[in-house]
Amino acid sequence: MSDLIVHGGTPLRGRLVPSANKNAVLPILCATLLSKHPIRLRGIPEITDVKKILEIFRTLGSHVAVDFEARVLDVHHQHTRFDEAVHRLPEEMRSSIMLVPGLLARFGVARIEDDVKGCSLGMREIDPHVEVMQSFGATVERQPDGIVMRAERPLRAAQHWLDYASVTTTENYVLCAALAEGTSVLMNAASEPHVQEFCQFMVQLGARIDGLGTSRLVVHGVAELGGGEFTFAEDFHEIVTFLALGAITGGDVAVKNSTPEQFPLIDRTFAKFGVEVVHEAGWSHARVNGPLRVREPFTRNILQKVEAAPWPYLPVDLLPIFVALGVKADGAMMYWNKVYDGAMGWTSELSKFGAHAVMCDPHRVITFGGKPLGPASVESPYIIRVAIALLMLASSIPGQSRIRNATPIRRAHPRFVENLCALGAHIEWRDEA
């Protein structure tokens, strides 16, 4: 594990281009397994999860050529082979479950390891994924170290209604349906920007998908998918992160943003802390006039609040970013995570900086911001944007702080520290033996 040493108190200023969205990149990588034609991906980020998937491709015999400096990946699955007794999915990475549909479609067999998981966000069940595979005709066999699935090829079309709008389950459904015989219909589908980007990639390969961006997806199965070239869009998570870092440090950071149409609710959420986000000529930047301050709601007998849930709500992944802003902003703010039941326990670490935060229940926290803060050494859980939120707060406080176990940042954000240093930050990685 690695720690981040943060010398805070310096306003961040400058312009930068964000990386691709991990949550779009990983399902698109998994989707390439469905094609036997060459595929080129531009904008590929150098992050640990990408490297793990590329390594499993190599073990399967696929051609992989990647240049992380140029951010270009060429992948060709023409000679891919799979042996259930030998090959294993990458463990400790939630997205590896999206390799299963490609393996079922090509080889009629796949397996899920017992330790397939992602961040420490409470229980991440695999049952919805298993139900999707079963709806397409897969049989499931429990083994001591995992689950083995088998299916006749091609898969048969399926009608399915999700219990909740799960991103990865929606993507797994589309991956199964793309080459299935017949027309498949999914209700309560997730519609996040990264799901839409994933579906756009699938369509570019030749998949027939109706209802992109809605909660009802209709997929008409095709005989095969082609190849081609695809360029990733900027990660809206990273855009928000760098805008928030500029605001919390009292600086001025501009971030390239080709999809401002996705930001109205995010912009209004920033405004609750006294931050104005402006989108001009393909760039976004956050303006702050004076200290951060929580805007008083017109309904004065309730707290101002930030509610996060599946899109088109504010994304839950961004909630820690706004918790950090709330600790700095004068006033009280309530945060409500409507998805994960283990995502707010980290707020106890805020007290080490001198922050006042009260955990109401597993889903809700209240911050009482504007209190005197000092540098501290804090522990980050295995949650990407919690590590970033703690870093944000440390960056706003003069003096040296340490964010212990900040390694999850490397799972999603390539050159994150280098980008911050280019904006004037004084931050460094320190690897612990």
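Which residue's side chain meets that of Glu46 in a salt bridge? In this predicted model, the partner is Lys51, and the N to O distance of the pair is 3.3 Å. Glu46 is partly exposed, because its relative accessibility is 41%. Lys51 falls in the same class as judged by its own value, since a relative accessibility of 39% counts as partly exposed. The pair belongs to the wider set of ionic contacts described below, after the overall fold.

The secondary structure of the protein chain consists of eleven helices and 23 strands. The radius of gyration is 22 Å, close to the 22 Å that the globule rule gives for 433 residues, so the chain is as compact as a globular protein of that length. The C-alpha trace extends over about 65 × 50 × 45 Å along its principal axes. Of the 433 residues in the chain, 57% are buried.

One example of a buried position is Val253, which has a relative accessible area of 1%. Val253 belongs to strand S14, formed by residues 252-256. In sequence, Val253 is separated from Phe242 by eleven residues, and the C-alpha to C-alpha distance between the two is 6.9 Å.

Side chains of opposite charge can pair when their charged atoms come close. Across the whole structure, a search finds 17 salt bridges. One of the pairs is formed by the side chains of Asp3 and Arg402, with an N to O distance of 2.8 Å. Asp3 is located in strand S1 (residues 2-8) and Arg402 in strand S22 (residues 399-404), so this salt bridge ties together parts that are 399 residues apart in sequence. Asp3 and Arg402 are both buried, whereas Glu46 is partly exposed at 41% relative accessibility and Lys51 is partly exposed at 39%. The contact between Asp3 and Arg402 is also part of a network of salt bridges, in which Asp3, Glu379, Arg402 and Arg404 are linked.

A further salt bridge joins the side chains of Arg58 and Glu55, at 3.6 Å from N to O. Both residues are in helix H2 (residues 48-59), where they are three residues apart, which means that about one helical turn separates them. Arg58 is partly exposed, its relative accessible area being 38%. For Glu55 the relative accessible area is 42%, and this residue is likewise partly exposed.

Charged residues also form a cluster on the surface. Which residues gather in a patch of negative charge? The patch comprises Glu125, Asp127, Glu131 and Asp163. Asp127 is in helix H4, which covers residues 127-135. With a relative accessibility of 46%, Asp127 is classed as partly exposed.

The backbone includes several features that depart from the usual geometry. Most residues other than glycine have a negative phi, and most peptide bonds are trans. The bond between Arg153 and Pro154 is a cis peptide bond, with omega of about -5°. Pro154 is in the loop that connects strand S8 (146-150) with strand S9 (159-161). A cis peptide bond is also found from Trp311 to Pro312, where omega is near 15°. The loop holding Pro312 runs between strand S17 (304-308) and helix H9 (319-328).

Positive phi values occur at Ala281 and Arg415. Ala281, a residue other than glycine, has phi near 50°. Ala281 is placed in the loop between strand S15 (275-280) and strand S16 (283-288). Because its relative accessibility is 80%, Ala281 counts as exposed. Arg415 is not a glycine either, and its phi is positive at about 55°. The loop that contains Arg415 lies between S22 and helix H11 (416-422). Arg415 counts as exposed, with a relative accessibility of 56%. Strand S22, which precedes this loop, is the strand in which Arg402 lies.

Conventions: Residues are numbered from 1 along each chain as its sequence is written. This is a predicted model: local features need pLDDT of at least 70, side-chain atom pairs count only at pLDDT 80 or more; totals for chains, interfaces and linings use all residues. Side-chain values use heavy atoms; hydrogens and water are left out. Patches are made of residues with over 30% relative accessible area and no salt bridge: like charges are joined within 9 Å, nonpolar side chains (Val, Leu, Ile, Met, Phe, Trp, Tyr) within 5 Å. Accessible areas come from the Shrake-Rupley method with a 1.4 Å probe; for residues, only the protein chains shown count as cover. A salt bridge is a side-chain nitrogen of Lys or Arg within 4 Å of a carboxyl oxygen of Asp or Glu. Lys and Arg count as positive and Asp and Glu as negative; His and the chain ends are not counted. The place of a charge is taken as NZ of Lys, CZ of Arg, CG of Asp or CD of Glu. Helices (H or I, at least four residues) and strands (E, at least two) are DSSP runs, numbered from the N terminus. Buried means under 20% relative accessible area, exposed over 50%, partly exposed in between (1.4 Å probe, protein chains only). The radius of gyration is taken over C-alpha atoms; the globule rule is 2.2 Å times the number of residues to the power 0.38.
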